[in-house]
Amino acid sequence: MADMNDARAALKHYFGYDGFRPGQEPLIAAILQGRDALGVMPTGAGKSICYQIPAVLVDGLTVVVSPLVSLMADQVAGLEDNGIHAVYVNSTQSPDEQSAALAEAASGRCDAVYVAPERLGTRQFTDFAARNRIALLAIDEAHCVSQWGQDFRPAYLGIGDFIANLPYRPVVAAFTATATERVRHDIVNLVGLHDPQVSVTGFDRTNLYFDVIKATPTAKRQWIERYVTARPDESGIIYCATRKETERLADDLNDHGIAAACYHAGLPPEQRHQAQRDFVNDEVRVVVATNAFGMGIDKSNVRYVIHHNMPDSIEAYYQEAGRAGRDGEPARCTLLWSDGDINTRRRFIDMENDNERLSPEEADVNRNRRRVLLDAMVGYCRTTECLHKYITAYFGETDDVPCSGCSNCDSEFETIDVTDIAVAVSRCVHDVQVLLGPDGNGRPRNLGAGKLTQILRGSDAQEMHDWRHLDTAYTYGKLRDVPAARIRDVIAQMTSDGYLRVEDGKYQTVTFGPRAGETVRQDFHMVIKQVERPAAASSGGYGEGSAFGALGTSRKARAVPDELSGTDAELFERLRDLRTEIAREIGKPPYIVFSDKSLRSMCELKPTDDETFLEVNGVGQHKLELYGERFLPVIRDFLA
Ligand code: ADP
């Protein structure tokens with residue numbers, strides 16, 4: 001039986017890495033000992049290696065369940081390039097190709113076979129599985145099994161049955177980047193993991209600078225234009241909520257002389273493919289995309305991710321923002337949002353109807369879950385806390401993380417004490433419940449945020465006087481001098497903080513949340529962020545201008561990778577050109593040949609023989625054989 005020494009040797013031999021990263025070792029050790037495993041690690045932490053190393057070491061085949069058919073070819077190409085023989089079986093292949101791939105998998109020459117979850121339920125595959133020994137079942141993006149997330153994929157629910165119907169039980173290892181406690185629980189139960197070794201690595205990405213800016217649509221566009229223009233050499237991704245917005249923004253940037261590609265699921269495959277290649281090949285620096293973009297793209301030098309709209313959950317946000325700075329160098333994640341974004345997201349959830357497998361009741365439950373996720377996202381926009389802390393706490397980390405850079409800790413906003421407003425709002429909800437009385441089921445009746453605001457501001461609208469005598473409420477006119485927008489902001493924040501809860505029915509109404517009781521305590525205190533920033537602030541001034549300034553001046557906000565010195569930079573360029581050339585020859589993306597990090601490591605080590613070339617980060621035996629003869633002469637030439 002293989003042990004961790006074999007694992008370390010395989011890591012060096014196949015991948016060219018000197019040691020395991022935090023979290024990888026216990027998972028691999030467990031799998032090698034025949035125990036189930038659950039790996040929860042942020043994007044870029046290195047989940048794949050946790051099943052790829054066992055795949056080459058265990059006796060028998062590894063089946064990798066992966067949700068994205070479009071990525072399998074690249075994933076397999078990456079493995080092959082490291083000297084690991086793998087195949088995939090999916091719907092992009094003809095029936096003959098599928099049979100050929102399965103025959104290859106059955107031949108004993110193969111270490112891994114990649115399939116989508118839907119395939120596990122096919123007759124062809126269950127037959128295959130009954131006849132061949134599957135030693136390890138690795139489940140990528142395992143959170144898709146849970147309805148507590150936006151990526152729920154019903155076919156993942158079939159994995160448990162697939163395992164149960166096998167003649168013997170393989171080791172099962174599940175991996176995800178986005179697991180809250182609830183999702184983790186679902187994975188263990190729904191996939192049916194047996195006493196798994198659970199490894200949760202720190203969710204904090206200390207090289208990322210987090211920035212939240214509230215802005216109008218026009219201000220968002222201006223901000224993005226300026227930000228991108230100021231960084232002609234950096235790669236970045238800009239996420240938009242809709243296809244139309246991606247097109248509009250990409251056009252806009254191109255009109256301003258910034259080469260930007262557009263990517264969304266509505267474009268023809270060739271065009272999407274091209275956009276992705278151009279980005280990965282560094283031929284365009286900026287991609288404006290919907291969330292369809294980026295899954296599995298292992299481009300390590302993305303220096304910024306900008307969200308033009310608020311996503312619908314922290315999970316989605318962190319996954320997308322997390323595509324910045326995979327190389328560990330400083331990178332910036334900016335979230336631009338507006339109240340309109342929140343309304344749009346709420347509408348999306350209300351209208352969503354795409355899950356045919358769910359009964360109306362289940363769909364309702366699902367919608368409510370998504371509202372909970374959305375509230376947490378809104379909370380992120382509004383919080384005055386450290387943004388790193390907010391995210392790590394969301395993912396269940398209780399340790400206080402020191403801030404490694406965020407706009408809240410750099411205090412690019414002022415806070416306003418809204419304790420009095422919050423207390424009045426809370427009391428107003430109570431007044432309304434008393435005035436309206438219970439409904440037929442004995443439950444308190446409530447009004448929406450707009451009506452509450454009218455009452456609090458002492459509106460003279462006729463219905464205040466006629467209907468249920470709202471004008472007799474104790475809080476009627478209590479906040480006469482407070483702008484309506486402020487009251488609504490406070491209601492929104494109280495909702496995300498749990499003092500209030502929004503209920504959906506024919507109309508959205510506001511009722512008490514689980515923390516409502518705190519609002520009547522003596523020591524109750526609440527602040528909100530003064531988020532409005534001047535749209536066209538000059539640099540150095542308060543507001544978004546200072547967000548710009550901070551990039552150049554603040555140590556923490558520095559978003560420039562460690563620069564190579566002059567001559568090394570020249571070598572880097574040459575190596576990068578060679579990498580592009582090879583990538584074109586073999587028709588694969590450059591990162592499959594070598595990562596930027598490997599190129600940088602070559603610039604530092606300047607290897608001139610095989611032995612030193614193997615010391616380069618990311619160079620294993622197979623890569624040495626494939627590319628050593630191409631890269632070594634360039635380095636020798638450079639030194640001469
Ligand atoms: P994830 O699936 O968690 O998003 P990947 O498996 O794609 O992450 O790994 C991210 C990058 O880190 C890849 O380029 C991978 O080769 C690299 N990597 C993984 N493990 C190690 C390691 N032990 N040492 C160095 N690099 C590693």
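In this predicted model, the side chain of R21 places an N or O atom 3.1 Å from an oxygen atom of the ligand. K47 and S48 take part as well: a side-chain N or O atom of K47 is 2.8 Å from a ligand oxygen, and for the side chain of S48 the distance to a ligand oxygen is 2.8 Å. Of the 570 Å² that the ligand exposes when taken alone, the protein buries 81%. From this site, the tour below moves on to a helix, a core and a handful of single residues.

**Around the ligand**

- There are 15 residues around the ligand, and those that come nearest are Y17, G19, G44, K47 and S48.
- By residue type, the shell around the ligand holds 5 nonpolar, 6 polar and 4 charged residues.
- K47 and S48 are worth a look together, since both are listed among the residues that come nearest to the ligand, and the side chain of K47 and the side chain of S48 each have an N or O atom 2.8 Å from a ligand oxygen.

**Helix α3**

- Helix α3 covers residues 48-57, and 8 of its 10 residues are buried, so this helix is largely enclosed by the rest of the structure.
- The buried residues of α3 are I49, C50, Y51, Q52, I53, P54, A55 and V56.

**The nonpolar core**

- The largest nonpolar core contains 79 residues, and F210 and Y380 have the most contacts inside it.
- Helix α14 (residues 360-382) supplies the largest share of this core, with 7 residues.
- Domain 1 (4-200) and domain 2 (208-413) both contribute residues to this core, so it lies between them.
- If you are following α14 along the chain, you will find L373 in this helix; L373 is buried because its relative accessibility is 3%, under the 20% cut-off.
- From L373 to T511 the C-alpha to C-alpha distance is 18 Å, with their positions 138 residues apart in sequence.

**The loop between α18 and α19**

- T475 sits in the loop between α18 (462-466) and α19 (484-497).
- With a relative accessible area of 1%, T475 is buried.
- The side chain of T475 makes a polar contact, at 2.6 Å, with the side chain of D431.
- H469 belongs to the loop between α18 and α19 too, but H469 is partly exposed, with a relative accessible area of 47%.

**Positive phi angles**

- Most residues other than glycine have a negative phi.
- H469 has a positive phi, near 55 degrees, and is a residue other than glycine.
- D195 is not a glycine either, and its phi is positive at about 40 degrees.
- You can find D195 in the loop between α8 (181-192) and β7 (197-200).
- D195 is exposed because its relative accessible area is 59%, which is over 50%.

**A position in helix α9**

- T218 is part of helix α9, which runs over residues 217-229.
- At a relative accessible area of 41%, T218 is partly exposed.
- T218 and T383 are 165 residues apart in sequence, and their C-alpha atoms are 23 Å apart in space.

How values were computed:
Residues numbered from 1 in each chain as written. Predicted model: local features only at pLDDT ≥ 70, side-chain atom pairs only at ≥ 80, totals over all residues. Heavy atoms only, no water. Near = heavy atom within 4 Å. Polar contact = N/O pair within 3.5 Å; in protein donor to acceptor, adjacent residues only side chain to side chain. Areas by Shrake-Rupley, 256 points an atom, 1.4 Å probe, with all protein chains shown as cover. Nonpolar A, V, L, I, M, F, W, Y, C, P; charged D, E, K, R; others polar. Buried < 20%, exposed > 50% of the residue type's maximum accessible area, 1.4 Å probe, protein only. Helix = DSSP H or I, 4+ residues; strand = E, 2+ residues; numbered from the N terminus. Core = buried A, V, L, I, M, F, W, Y, C linked by side-chain atoms within 4.5 Å. Domains from an automatic or database assignment.
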